[in-house]
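Hi,

Here is the structure I promised to send over. Have a look at it first, and then read on for what turned up when I went through it.

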Amino acid sequence: MQILHAPFASTPAFYSAAASLPKGRPVHVSGKSLAELITATSFSSQRQLRSAWFSYGDSVCSSVSPIAASSQAAVSEVASQTAETDVLKALSQIIDPDFGTDIVSCGFVKDLNVDKALGEVSFRLELTTPACPVKDMFEQKANEVVAALPWVERVNVTMSAQPARPVYAGQLPAGLQRISNVVAVSSCKGGVGKSTVAVNLAYTLAGMGARVGIFDADVYGPSLPTMVSPENRLLEMNPEKRTIIPTEYMGVKLVSFGFAGQGRAIMRGPMVSGVINQLLTTTEWGELDYLVIDMPPGTGDIQLTLCQVVPLTAAVIVTTPQKLAFIDVAKGVRMFSKLKVPCVAVVENMCHFDADGKRYYPFGRGSGSQVVKEFGIPHLFELPIRPTLSASGDSGVPEVVSDPQGEVANAFQELGVCVVQQCAKIRQQVSTAVTYDKSMKAIRVKVPESDEEFYLHPATVRRNDRSADSVDEWTGEQKLKYADIADDIEPEDIRAMGNYAVSITWPDGFSQIAPYDQLQMMERLVDVPQLLHQ
C-alpha cells in the first residue's frame with residue numbers, strides 16, 4: 001500500500017511592492033513568499049522586473065520577459081503543490097478507528113487532483129475492503145473537511161477498495177491468488193450450528209458490499225446444498241484449464257462436495273484430504289474479499305490439511321452453552337493457536353429465548369464466556385433460539401436474507417463488522433511486522449499481537465538461518481560460517497509468510513524463512529530508536 005506523506009511547511013503571505021497584485025487571497029508558496037521567489041530569479045534590470053505582470057485570482061497577466069514567464073510558471077506550480085498540501089492536511093484529521101492513524105498515512109487517498117483557480121478538488125479513497133463498516137463516515141468527513149478550506153468551491157470524493165489479494169508470500173495455488181481474507185468457521189464438535197453461522201456470516205458480508213465465497217469442507221456430511229438453493233446444483237469443469245467453476249446463489253460463490261453429484265463421501269481420511277485439496281485449490285474463485293470455510297468437526301488430518309494448504313487470516317469459533325461443547329471447542333482453539341491462526345470471535349449459539357417478558361437460558365450459561373476468558377478471544381456474540389433460524393437452514397434461504405431486519409440478522413451484522421475490522425487489523429499487523437529501515441540499516445520487528453518492538457542487524461538474521469542450507473539436518477552442525485556473510489549485507493525484499501514468519505530475500509538469491517519466534521530469540525540492536533532521533 002502506498003503511503004502518502006505531505007510536508008506541512010509554513011506559508012507566509014506576500015503582497016507585491018514591485019508589481020500591482022489584485023487584492024483578495026494572498027499568494028502562498030511552500031515556505032517562501034512570492035517576493036523571495038521573484039528575487040531568487042535573476043532579473044537583469046529593474047526594467048525587466050517592471051515588465052513582468054503576474055496575475056492571481058481573477059486578474060489577467062502577461063509577460064514580455066521569458067524569465068518572468070518562467071517565474072510565473074514556477075509560482076503556479078508551487079501554489080498548486082501548496083493547495084495539495086492543504087487538502088492532505090485537512091484529510092489527515094480523519095482517523096481510521098481500526099488502525100488508529102489518519103487516512104493519509106494509511107495510504108487511502110489516491111488520484112488527488114486540485115484546481116485552485118476553479119476551487120475544485122477531486123480524489124479517491126481506496127479502503128482495505130468494500131465491506132468497510134465506516135466507509136460512509138469516511139466519505140462524509142472527507143467532503144466536510146475539504147469543503148471547509150476557504151478556497152474550495154467543489155469537492156468530488158470517489159470511494160473504492162483495494163484489489164483482492166492475499167497478504168502472504170509464497171507460491172499459492174492459482175485459484176487462491178486473488179482472495180484477500182480466508183476465514184475459518186470452526187467448532188470441532190458437530191451439531192452446534194457451525195454451518196448455520198458460516199452461511200449467514202457469508203451472506204452478511206455480501207450484504208455489506210464484499211465479494212464472498214463459501215467452501216463447505218465437510219465431505220462426510222456437506223450442509224451447503226441444504227442451506228442454500230442455487231439454480232445450478234452441480235459444479236462444472238473447465239476442460240481447457242482443468243479447473244472447477246463454482247456455482248452461485250445470490251452473488252455468493254459456492255463449492256461443496258455435495259454439489260459434485262456424489263452426495264456424501266464414503267472414503268478414508270487420506271482420500272478425503274486429497275478431495276478437499278482439489279476442491280479448494282483448483283476452483284476458479286476469482287477475486288474475493290472473503291472466503292468463508294465451513295470447517296468439519298474435529299482436529300484431524302482434514303483440518304490440518306486445510307490450515308496448511310490455505311493461508312487462514314482468522315477463525316471464528318462456534319459453541320453452545322453446555323460444558324461438553326466447551327471441552328471440544330477448547331481443542332479447536334488450541335489447534336488454531338499452534339498453527340498461528342488468530343481466533344477473532346466466539347459465537348455462542350442457542351443461548352436463550354424470550355417468553356412472557358422474560359429471558360430463559362434452557363441450556364445454562366457460560367460456555368462462550370469461558371472460551372473468551374480462558375483463551376483471550378476479544379469478542380463474544382450470542383445467538384437466540386429461533387424457530388425461523390432453523391427453518392431457514394432447511395428452506396435453502398439464509399435467515400439474514402429472508403429477514404434482514406430481524407434480531408438474528410442484527411446479531412450477524414455485528415459479527416460481520418467484527419470480522420471485517422479484525423481481518424483488516426491482522427492484515428495490517430502482518431504486512432508491517434518485519435520491515436527494513438534503509439536509513440538505520442536495521443530490520444524492525446513488531447510481532448503481531450505484541451506491543452514489543454525491536455531492531456536486528458541484517459547480518460545477524462542471515463547468519464541465524466536454520467534451514468537445511470545452513471545447518472546439517474542429521475548432525476546439527478552449522479554449515480554456514482560467520483565469515484560467509486558480509487557485515488554490510490542488506491535484504492532485498494521482506495514479505496509476510498502466514499501469521500508466523502516472513503520470507504527474506506538476500507542479494508545472493510537465498511530466500512530465508514524467518515519465524516517470528518526465532519527472530520525474538522536473536523541478539524538485538526540496543527538504543528536504535530534513540531540513536532535515530534539524535
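Let me start with one end of a sheet: strand 12 (residues 343–348) pairs with strand 15 in the parallel sense, over 3 bridges. Within that strip, Glu 348 stands opposite Glu 382 of strand 15. Before you read too much into any of this, bear in mind that the model is a predicted one.

Two helices lie on the sheet here. Helix 10 packs on it and touches strand 11 (314–319), strand 12 and strand 15, with a direction at about 165° to that of strand 12. Helix 13 (residues 407–431) also packs on the sheet, and its contacts are with strand 4 (179–186), strand 10, strand 11, strand 12 and strand 15. The direction of helix 13 likewise makes about 165° with that of strand 12.

Now for the whole sheet. It is open, has 8 strands with mixed pairing, and runs in the order 8-9-5-10-4-11-12-15. Strand 8 (247–249) and strand 15 (380–382) each have a single partner strand, so they stand at the edges with one side left without a neighbour in the sheet. From one strand to the next, the twist averages 25°.

Further along the order there is strand 5 (residues 212–216), which is worth opening in your viewer. On one side, strand 5 pairs with strand 10 (residues 288–294) in the parallel sense over 5 bridges, and Val 212 has Tyr 290 of strand 10 as its bridge partner. Strand 5 is also joined to strand 9 (residues 252–256) by 4 bridges, again running parallel, with Ile 214 opposite Leu 254 of strand 9.

So is strand 5 mostly covered or mostly open? Mostly covered: 5 of its 5 residues are buried. In a regular strand, side chains alternate between the two faces of the sheet. For strand 5, one side carries Val 212, Ile 214 and Asp 216 and the other Gly 213 and Phe 215, and both faces are covered, with all of these residues buried. Note that Asp 216 is on that buried list.

Back to helix 10, which has a helix for company as well. Helix 9 (residues 323–338) packs with helix 10 (residues 367–375) at an angle of about 30°, and their axes are 10 Å apart. The crossing of helix 9 past helix 10 is right-handed. From helix 9, the residues in the contact are Phe 326, Val 329, Ala 330, Val 333 and Arg 334, and they meet Ser 367, Gln 370, Val 371, Glu 374 and Phe 375 of helix 10. Sorted by class, that contact has 6 nonpolar, 2 polar and 2 charged residues.

There is another open sheet, made of 3 strands in the order 19-20-21 with antiparallel pairing. Its edge strands are strand 19 (493–497) and strand 21 (511–515), each pairing on one side only. Neighbouring strands here are turned by 25° against each other on average, direction ignored. Strand 20 (residues 501–505) and strand 21 pair over 5 bridges, and Thr 505 has Ser 511 of strand 21 as its bridge partner.

Finally, the chain as a whole. It has 16 helices and 21 strands, and 47% of its 534 residues count as buried. Among contacts with a separation of 6 or more, 66% are between residues 24 or more positions apart. The exposed area is about 26500 Å², with 50% of it supplied by carbon and sulfur atoms.

Cheers

How values were computed
Residues are numbered from 1 along each chain as its sequence is written. This is a predicted model: local features need pLDDT of at least 70, side-chain atom pairs count only at pLDDT 80 or more; totals for chains, interfaces and linings use all residues. Side-chain values use heavy atoms; hydrogens and water are left out. Axes are lines fitted to C-alpha atoms, for helices over the stretch in contact, and angles run from 0 to 180 degrees between N-to-C directions. A crossing is left-handed if the near helix is turned anticlockwise from the far one by less than a right angle, and right-handed if clockwise. Contact means heavy atoms within 4.5 Å. Ala, Val, Leu, Ile, Met, Phe, Trp, Tyr, Cys and Pro count as nonpolar, Asp, Glu, Lys and Arg as charged, and the others, Gly among them, as polar. Buried means under 20% relative accessible area, exposed over 50%, partly exposed in between (1.4 Å probe, protein chains only). Accessible areas come from the Shrake-Rupley method with a 1.4 Å probe; for residues, only the protein chains shown count as cover. Two strands pair if DSSP finds at least two bridges between them.
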